[in-house]
Amino acid sequence: AKTVRPSLSVRVDQDVEDTPALTIEGPAFEQYVTEGNLVYHFNRARIDDRHSVPFVFAGGGAFRQTADDGTGETGAQYQAGFGFKWFSRISPEGGSRGAGLRLDFRYVLRDGGFDFEDSQRRSLVAFTATALFGF
């Protein structure tokens, strides 16, 4: 689970009537996200002297957004993707040890939550990098 505190704002400028630029600050809100994924490692496809292993994953979760004014929204998110993990050391049994890096590319579909366009479904593509330590 993770918590973030994004805020909303709108900036209007270059109006055809030459009015000064205007920024409208919206309420900040807290967002709580809980998610889980199933991961499959292709251990037989290890590369780079067995230090790198490709994987695929899919999963989902739920989120809750609560604005400062007390209103709130809930929703679900689903994701799937692929990537690889690299570790600096591999044990004699083939286990990952030491410092490592995980890179993945994912497609995320969100259903629900605050939205300017009243569209309940939104999707995005994300690339993530994560530092790891295997022991």
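Which residue forms a salt bridge with R102, and how far apart are the closest N and O atoms? I began my notebook with this pair, and I found that the partner is D104, with the closest N and O atoms 3.0 Å apart.

**Entry 1: model and confidence.** Before going further I noted that the model is a predicted one, and that its pLDDT averages 84 over the protein, with 89% of the residues scoring at least 70. I looked up where confidence is lowest and found strand β1 (residues 2-4) at a mean of 59, whereas the highest value belongs to strand β4 (residues 52-67), at 92.

**Entry 2: overall make-up.** I read the secondary structure as seven strands and zero helices, which along the sequence gives the pattern β-β-β-β-β-β-β. Of the 135 residues in the protein, 26% are buried.

**Entry 3: strand pairing.** I followed the pairing from β4 onward, and β4 and β5 came first in my notes, as an antiparallel pair over 15 bridges in which G60 stands opposite Y78 of β5. These two strands form a hairpin with four residues between them, and in its turn I recorded a positive phi of about 95° for G70. Strand β5 (residues 72-90) also runs antiparallel to β6 (residues 96-112), to which 15 bridges join it, and here I found A80 opposite Y107 in β6. From β6 I moved on to β7 (residues 121-134), where the pairing is again in the antiparallel sense and counts 14 bridges; R110 has R122 in β7 as its bridge partner.

**Entry 4: salt bridges.** My search of the whole structure gave four salt bridges. Returning to the opening pair, I saw that D104 also forms a salt bridge with R106, with 3.0 Å between the closest N and O atoms, and that R102, D104 and R106 are thereby linked in a network. I then checked how covered these residues are: R102 counts as buried because its relative accessible area is 15%, under the 20% cut-off, and D104, at 2%, is buried as well. R106 is likewise buried, at 12% relative accessibility. I also looked at the salt bridge between R11 and D13, whose closest N and O atoms are 3.9 Å apart. Here R11 is exposed, at 55% relative accessibility, while D13, at 39%, is partly exposed.

**Entry 5: a polar contact between strands.** I located Q77 in strand β5 and asked myself whether it is buried or exposed. With 9% relative accessibility, Q77 counts as buried, and its side chain makes a polar contact with the side chain of R110 at 3.4 Å. R110 is the residue I had already noted for its bridge to R122.

**Entry 6: nonpolar surface.** Which residues make the nonpolar surface patch? I listed Y40, F42, V56, F82, F105, Y107, V125 and F127, which together form a patch of about 830 Å². Strands β6 and β7 each supply at least two residues of this patch. I kept in mind that side chains in a regular strand alternate between the two faces of the sheet. One patch member, F42, lies in the loop between β3 (22-41) and β4, and I recorded it as partly exposed because its relative accessibility is 35%. Another member, Y107, is the residue I had found opposite A80.

Notes. Residues numbered from 1 in each chain as written. Predicted model: local features only at pLDDT ≥ 70, side-chain atom pairs only at ≥ 80, totals over all residues. Heavy atoms only, no water. Pairing = 2+ DSSP bridges. pLDDT = per-residue confidence, 0-100. Patch = residues over 30% accessible without salt bridge, like charges linked within 9 Å, V, L, I, M, F, W, Y side chains within 5 Å. Areas by Shrake-Rupley, 256 points an atom, 1.4 Å probe, with all protein chains shown as cover. Salt bridge = Lys/Arg side-chain N within 4 Å of Asp/Glu carboxyl O. Buried < 20%, exposed > 50% of the residue type's maximum accessible area, 1.4 Å probe, protein only. Polar contact = N/O pair within 3.5 Å; in protein donor to acceptor, adjacent residues only side chain to side chain.
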